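Please open the model in your viewer and keep the selection panel at hand. The stops below are arranged as a short tour.

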Amino acid sequence: MTDLLIKLIPVFPLIAVIANGIFGRYLWSHEWAHRIAWGSVGLSFLCTIGVVSDIIQTGTAHEVIVYQWIFGGDLTINLAYLVDPLTCAMLLVVTGVGFLIHVYSVGYMHGEHGFTRFFTYMNLFMVSMLLLVMGNNYAVLFIGWEGVGLCSYLLIGYYYDKVSAAQAASKAFVVNRIGDAGFLLAIFLVFMNFQTLDYTKVFAEVGHLSPGMATAIALCLLIGAVGKSAQIPLYTWLPDAMEGPTPVSALIHAATMVTAGVYMIVRNHAIYDLSSTAMFWVGVIGGTTALFAATIGLVQNDIKRVLAYSTVSQLGYMFLGCGIGAYTAAIFHLMTHAFFKALLFLSAGSVIHALGGEQDIRKMGGLSHKIPWTHKLFFIGTIAIAGIPPFAGFWSKDEIMAHAFTHHQYVLYGMAAIGAFLTSFYMFRLTYLTFYGQSRMDHHTEEHIHESPMVMIIPLMVLGLLSLAGGFIGFPPDHGWLHQFLAPVAGAGSEHEASTGVVLSLMMIASSIALFGWALAHYLYSMNPTASDRWAAKARLAYTTLLNKYYVDELYDLLFVEPTKKLGLLLDWFDRVVVDGIVRGVGQMAELGAAGSTWAEKHVIYGVINIVGYGNHLMAKQWRQLQSGMVHHYAAIIVAGLFLLAVVIQLIVQR
Amino acid sequence: MVPLSAYVAVSAVLFITGLLGVLIRRNFIIVLMAVEIMLNAANINLVAFSHYLESMAGQLVALFVIAIAAGEAAVGLAIIIVVFRGKISTNVDEMNLLKW
């Protein structure tokens, strides 16, 4: 029964993709297209609940082979699913949050051109993401990995007639390719060492791996994870990905796809555990990204870009958690982050919807009374991400930071703490600038402000509830329900068991950091609105650097994009002059040869053939006289022949 | 008791007669009759050997030959009639339509 449910989970969205993708434009209206879309994800969610409740009761992982895909020699790859507690956690996030976002999209995308196309891509994304988290081997993981990349590309470029959207889509795709190349290398290395790609078999024999090989595999996997999860140095695509519709940003670029890298590292923690070098780099990349992205988030003026940098930063926390071996904490933060970041993005979408497409927070302000529901829900999300207890973000972020502290990674702890302060500050800055103070909108926009329809508000309420209370699945820290559930797959809890006093004081520090960030934002943007400008003017250099995102995009342009373009031009020249020259030369030689052989054929070969033909003709003139047409001539010839035959036989017999 | 060689000699004489008739005579009807003579020469051989070897197979084949000879005569005469209608002649030399 459970096996059947597992098989059904990805099937519903797949049916929706086929139905909407092929027939949606012709056979039914938008009404039916969105019903099919969210209905299918809802059914997947129901199946997921069935599967998860079964696994909670029995505690056993299910491995289901759907289809034997590639077999021959020592290579066997099945389209098969492995559903263990880790997959369950991911499934709940993907289908649950995915369902809510699908419902929200019905309101947000209402009346958009390409409505059916949007839902087709969203469902295709669900299928890929489900394959990614459910696959029982690296090949299925890779299919899902590429599938979500494709859907990300398609949905970032949803407004394909907008140049910036098309460019952002290409950028996301190309940057992800770099990561994918590393991931592919890792898969090849895994196959080279284990002759199989199945997780269970690989992890059973992982002990035979040499330390160098383990490091190589882990680092290659890390490259893949860094690309997909937008970490330094490959994070540049994620802020640009905000060109897509807001539900896409919420679903793909906050809640699910970008967390695939974290999922992959946790899934492969058996390999990472063998290599302290790889773990070190995971932690360093995570910590640096958490801090680095948070600083950029401080000064951005686009509501979605602030959220994008905060996503990069929060993903950094998850990597940091992985890097110190706190896998459960990383997954915990992944789940709470999915809740509150989806909430933040969707409420930001609600704001954008209310203002008719305005995304610049300098042109907002004073919205708290005009769109009260959106305001309340956005505020809940802000508190959750800032890490103020007892909201969801506090528990998971605090746990990661506490692990960093108890593992004596004080540098990483410091980075995370400063990052947490900055996170709290820029999120409250965003809230203040958007919802409080004087209105900075133009008259026309202000007149048309309207609260979003219920179809958008209700999913927001559910997400708000989850952001409020979702943290309690991991309460108390390190011994919560989630920790016990994930214990079989994420390794045993930390061996550095901290005393209750340390845990409590770390919690106090974390919450005071968050509250201090709030207080600073309150001072700068509510009590003393001109102060922020003065501060910016004082630190002009730092401010412009941050505003221009440390010029990383420009640096990459200079280092990679421009040389690539130059190389392209060089290759174009080479192609036109050298390769085309050779081709043309060969062509001309062939032409000459053809002329020569035409002459030879006309004069030599035809001559010979004609001689043979004419000779035959002459001979035939004589021989055909033999055929007189008179029967008795033939009879005479037969008799003569018989006689001759008789004579010959006689001679042979006599001899 | 007539020896086998006598039958064979008679048969040979008859066969040569028929053969010469086919090759030399120009009248289609005579040619046809000469063919009959050749068939009968063969029949004599068959029956004589059948008796000599004490096997009924030869006589059986002779009966078949007689039947085929009857058929051959019928077809041959029909062809002669058709050709005669076109040519008003039964001269074999004038029938050379089969040449190249």
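Begin at the interface: select the 10 residues of chain A that are in contact with 10 residues of chain B, two residues being in contact if their C-beta atoms, placed from the backbone, lie within 7 Å. The chain A side of this interface comprises five nonpolar residues, four polar and one charged (nonpolar: Ala, Val, Leu, Ile, Met, Phe, Trp, Tyr, Cys and Pro; charged: Asp, Glu, Lys and Arg; polar: the others, Gly among them).

This is a predicted model, in which local features need pLDDT of at least 70 and side-chain atom pairs count only at pLDDT 80 or more, while totals for chains, interfaces and linings use all residues. Residues are numbered from 1 along each chain as its sequence is written, and chains are lettered from A and ligands numbered from 1 in the order in which they are written.

Next, select residues 85–108 of chain A, which form helix 4 (helices are DSSP runs of H or I, at least four residues, and strands runs of E, at least two, numbered from the N terminus). Its end C-alpha atoms lie 34 Å apart, in agreement with the 34 Å expected for 24 residues at 1.5 Å a residue (1.5 Å times one less than the number of residues). Of these 24 residues, 23 are buried (20 or more other C-beta atoms within 10 Å of the residue's own, C-beta atoms being placed from the backbone).

Finally, select chain B, which has three helices and zero strands. Its C-alpha atoms fill a box of roughly 50 × 25 × 25 Å along the principal axes. Of the 100 residues of chain B, 13% count as buried.

Terms used. Buried ≥ 20, exposed ≤ 12 C-beta atoms within 10 Å, placed from the backbone.
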